[in-house]
Amino acid sequence: MTRFLIDTDTAGDDVTSLLFALRWPGVTLEAVTVVAGNVYLEQAVTNALLTVEVAGRSEIPVFAGCDEPLSRPLVTAHYVHGSDGMGESTFPPPSKQAQREHAVDAIVECANRYPDDLEIIAQGPLTNIARALSIDPELGRKVARLWIMGGANNSLGNITPAAEFNFYVDPEAAHAVLRGRFEAVIVPWDVCVRDGTLLAEELAPVVEMDSMLSRFYFAVNRSAWDFMREHPKGPGVDGVSHPDSLMMAMAIDPSVIAASGRYFVDVECAGELTRGYSSVDLMGFTDQPPNAEIVLRADKERFTEMLIQMLATG
Ligand code: BDR
Ligand code: CA
């Protein structure tokens with residue numbers, strides 16, 4: 001059985017990743033913990049509550065977590081995902097509220113409740129996970145696997161030339177987590193953008209499907225799609241990127257990982273030009289033992305198939 005906890009800055013593709021965990025048969029989703037990132041915390045919590053409701057899974061508890069990075073002001077990605085993080089969709093408010101417990105305590109508690117059995121899917125800045133680690137320094141040993149969408153494998157970032165958004169927003173958290181002795185799998189931006197961007201023609205079956213979930217998917221991704229096509233800082237392609245949901249598909253079905261390797265990864269906190277840069281020691285320069293498995297290639301065809309299958313379930 002696959003037992004997940006998702007830590008998310010819920011907006012855009014975070015929502016698709018949540019839908020996978022909420023709708024895919026055989027997945028047990030223990031909790032959704034929310035962190036500030038793409039949007040402010042309150043909005044990200046609303047988006048998570050709305051998503052569990054749309055998926056018909058309102059029984060899944062949602063916990064609000066850290067509203068800012070460990071030691072820096074928050075940087076958001078409203079310019080990608082819209083002011084609501086949901087493609088300016090003006091959805092009605094969710095009917096349920098977040099739990100009273102803080103997300104960081106929920107993470108620690110859940111890991112201790114299911115030792116060696118819980119996989120954490122971290123798809124936002126790593127603030128909540130770093131705080132949980134500071135409360136329970138053995139967390140990394142208790143969690144079966146920590147999936148991280150973050151960083152780029154020594155290649156172009158998506159918020160600065162050097163950095164991917166999640167690591168840029170809270171580099172200190174990423175730095176601490178990578179030293180946390182987790183069984184970590186990193187899905188970096190370069191793989192996501194190359195193998196996880198689906199072009200308009202590849203999404204045609206989802207358009208044709210016209211299911212409740214497919215309509216929700218297109219609404220939530222509307223701003224991100226515009227960003228991809230038109231924004232001067234976007235890649236200029238007519239399609240949608242799926243960084244978080246590509247990682248989720250890998251966690252559900254490891255055959256989506258087409259190639260990976262184990263390397264020492266570190267994150268730059270201090271650099272003036274390189275804040276959040278993830279250095280992947282491909283050549284063994286540092287003489288440090290590997291601390292993560294880095295995904296190098298993804299099976300785009302299998303991912304596309306899974307996305308279509310999932311969106312057809314409701
Ligand atoms: C990451 O940043 C966010 O905007 C996405 O949700 C994803 O987690 C990609 O860099
Ligand atoms: Ca995210």
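**Shell composition.** I sorted the residues of the shell around ligand 1 by type: four are nonpolar, five polar and three charged. The model I am reading is predicted.

**Shell members.** I then listed who surrounds ligand 1. From the N-terminal part of the list I noted Asp14, Asn38, His81, Gln123 and Met149. Asn158, Glu164, Phe165, Asn166 and Trp189 are also there, along with Pro243 and Asp244.

**Polar contacts.** I looked up the pairs made by oxygen atoms of ligand 1. One pair runs to Asp244, where an N or O atom of the side chain is 2.7 Å from a ligand oxygen. Asn166 places a polar side-chain atom 3.0 Å from an oxygen of ligand 1. Gln123 uses its backbone: a polar atom there is 3.0 Å from a ligand oxygen.

**Burial.** I checked the exposed area next. Ligand 1 on its own exposes 280 Å², and the protein buries 93% of this.

**Elements at the shell.** I asked which elements give two or more residues to the shell. They are helix H7 (165-169) and helix H13 (243-252).

**Pocket.** I located ligand 1 in the largest pocket. The space in this pocket comes to about 690 Å³. I found 34 lining residues, and those closest to the pocket centre are Val80, Asn158, Ile159, Trp189 and Phe227.

**Lining.** I split the lining by type as well: 16 nonpolar, 11 polar and seven charged residues. I also traced the lining to its elements. At least two residues each come from helix H1 (13-23), helix H3 (78-81), H7, helix H9 (189-195), helix H12 (222-230), strand E8 (239-241) and H13.

Conventions:
Residues are numbered from 1 along each chain as its sequence is written. Chains are lettered from A and ligands numbered from 1 in the order in which they are written. This is a predicted model: local features need pLDDT of at least 70, side-chain atom pairs count only at pLDDT 80 or more; totals for chains, interfaces and linings use all residues. Side-chain values use heavy atoms; hydrogens and water are left out. A residue is near a molecule or strand if one of its heavy atoms lies within 4 Å of it. A polar contact is a pair of N or O atoms within 3.5 Å; within protein, one must be able to donate a hydrogen and the other to accept it, and residues adjacent in sequence count only if both atoms are side-chain atoms. Accessible areas come from the Shrake-Rupley method with a 1.4 Å probe; for residues, only the protein chains shown count as cover. On a 1 Å grid over the protein atoms alone, a cavity is a set of points where a 1.4 Å probe fits but cannot get out, and a pocket is an open set with protein on both sides within 12 Å along at least five of seven lines; lining residues have an atom within 4 Å of a point. A molecule sits in a cavity or pocket if more than half of its atoms lie within 2 Å of its grid points. Helices (H or I, at least four residues) and strands (E, at least two) are DSSP runs, numbered from the N terminus. Ala, Val, Leu, Ile, Met, Phe, Trp, Tyr, Cys and Pro count as nonpolar, Asp, Glu, Lys and Arg as charged, and the others, Gly among them, as polar. Grid points are joined across faces, edges and corners, and a volume is the space filled by probe spheres set on the points.
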